Amino acid sequence: MFLRPHCTDAIVVLLTIQSLRRVQIFCLLAGSLLLTGCRGKSLVDDNPVFAAAPPRRQLTNRSTVAATDDASGSSAVRTVSFAKLEEHPLTGNTIVAEVNGAPIFVDDIAGSVRLAIEGNPAIPDDQRQKLLYQQVKARLTNYVDQEIVIQALEQAIPADRRSQINESLEGPFQEVITNIKRDRNLTTDAELNDVLANEGLSVDLLRESFFRIQKVQGYLSTIADAPSVIDRSEMVAWYQAHLDEFTTHERVRWQEIVVKFDHHGGRKGAEQRMADVVRQLQAGADFAELAASHSDALSAEKRGDMGWLERGSLADTDLEQQLFALESGQMTKVYVRDTQFEVYRVVDHQHAKTSEFQEVQRAIEQKIKAERQQAARKEALDKLKAKAIVVTMFDDDDAVDQ
């Protein structure tokens, strides 16, 4: 039985079944996979080329049973009548596509999705197939692209060299697992596997997904033809076109002390309290200390800190204008409100500033290189795709419109 559950894009399953606990786990996993660096440049020494595609086995959209090695004639691997899923429901071992003759199964693309859908009693029976169909459709294109690249890599690189690639990826993968366990307060792989088991996953399946992503990105980076030298005039032009990215907005960080009438027996008592605060401030007392001990506002718990404020953010435009008129360390007048007295201090006033080109030249160079590398990887992928033979269950127009 060709039952091969994988964890590709497992986070979408969790959104489908609306499980908050599962979303938290997979956001962490997905983020770890995406943020881990790609070391693709070390995959190969030579520039590999895409060899001739292997012969493609026929996959007829209207056939319902694939060839089998079982002498009894029973089917171990099935294709489906794509226009009528109710007659031929998708299972984990259903072939949904072929790439250069190699079959892709439902569970290659959405194994965890399928397990979650099938195991969730909240999903009506008549909706399970539709959900699975939608999830497979949403993921198939990306998985096919990956498969094309993986096949090209395997054709270009000897088996022993591919083993070295796997060995080189194990270290970065263990770093990912270590970070996941730390963030989840787990200590062993066994504990992590217990958590993942509820999602139809395991450390081994995460490893497989991680290796696949790294190989795809690494191989594309290796064969991509991106300029390594960026001309200074190009960097200057990029800088001028993206000045907003290097310009900080004017903002102030501010503190408050609030003295409420009803906390001090009325306005007169509050006035005496605020007068005492002002005297201490004039004598050099620390504003934050006084806020913590004398303010009646909730901000007293944060020593009066109100955070950063940008222009146009405060409903009280007069107060905002006063705050932005002050420099770091200066205080406002005492504001008299209907129910309280207020005084404010600007902790830090950061004026709008555009970084000079020389300050950001290196960052711009890296941004341009990244853009060109991304474009070059896309071009390399397009060339591989142009030589590949792909057939999918969605080639049938009726299936696509379901």
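Arg-251 has Gln-350 of strand 7 as its bridge partner in this predicted model. The pairing to which these residues belong joins strand 4 (residues 251-260) to strand 7 (residues 340-350) over 10 bridges, in the antiparallel sense. Both strands are part of an open sheet of four strands, ordered 5-4-7-6 and paired antiparallel. At the edges stand strand 5 (305-310) and strand 6 (335-336); each has a single partner strand, so one side of each is left without a neighbour in the sheet. Helix 10 (residues 287-294) packs on this sheet, where it touches strand 4 and strand 7. The direction of helix 10 makes about 35 degrees with that of strand 4.

Within strand 7, Gln-340 is worth a pause. Is this glutamine, Gln-340, buried or exposed? The relative accessible area of Gln-340 is 15%, and the cut-off for a buried residue is under 20%, so Gln-340 counts as buried. Leaving aside residues up to four places away in sequence, Gln-340 touches Val-258, Val-259, Lys-260, Phe-261 and Tyr-335. Of these neighbours, Val-258, Val-259 and Lys-260 fall within strand 4, while Tyr-335 belongs to strand 6. The side chain of Gln-340 also makes a polar contact, at 2.6 Å, with the side chain of Glu-342.

A second set of pairings is centred on strand 1 (residues 95-99), which is mostly covered, with five of its five residues buried. Strand 1 runs antiparallel to strand 2 (residues 102-105), and four bridges join the two. One of the bridged pairs is Val-99 with Ala-102 of strand 2. Strand 1 also pairs with strand 9 (residues 390-392), again in the antiparallel sense, over three bridges. Here Ala-97 stands opposite Thr-392 of strand 9.

The connection between strand 1 and strand 2 is a hairpin with two residues between the strands. Asn-100 lies in this loop and has a phi near 55 degrees, a positive value in a residue other than glycine. Most residues other than glycine have a negative phi. Asn-185 offers another such case, with a positive phi near 60 degrees. Asn-185 is found in the loop between helix 5 (159-183) and helix 6 (189-197). How do the surroundings of the two asparagines, Asn-100 and Asn-185, compare in terms of buried or exposed? Asn-100 is buried, with a relative accessible area of 3%, whereas Asn-185 counts as exposed at 73% relative accessibility.

Helix packing provides the last part of the picture. Helix 7 (residues 203-223) and helix 12 (residues 357-387) pack with their axes 8 Å apart and at an angle of about 95 degrees. That angle makes helix 7 roughly perpendicular to helix 12. On the side of helix 7, the contact is made by Gln-217, Tyr-219, Leu-220, Ser-221 and Ile-223. Helix 12 contributes Arg-377, Ala-380, Leu-381 and Leu-384. By residue class, the contact between helix 7 and helix 12 comprises six nonpolar, two polar and one charged.

Notes. Residues numbered from 1 in each chain as written. Predicted model: local features only at pLDDT ≥ 70, side-chain atom pairs only at ≥ 80, totals over all residues. Heavy atoms only, no water. Pairing = 2+ DSSP bridges. Contact = heavy atoms within 4.5 Å. Axes fitted to C-alpha atoms, helices over the stretch in contact; angles between N-to-C directions. Buried < 20%, exposed > 50% of the residue type's maximum accessible area, 1.4 Å probe, protein only. Polar contact = N/O pair within 3.5 Å; in protein donor to acceptor, adjacent residues only side chain to side chain. Parallel < 35°, antiparallel > 145°, perpendicular 65-115°, else oblique. Nonpolar A, V, L, I, M, F, W, Y, C, P; charged D, E, K, R; others polar.
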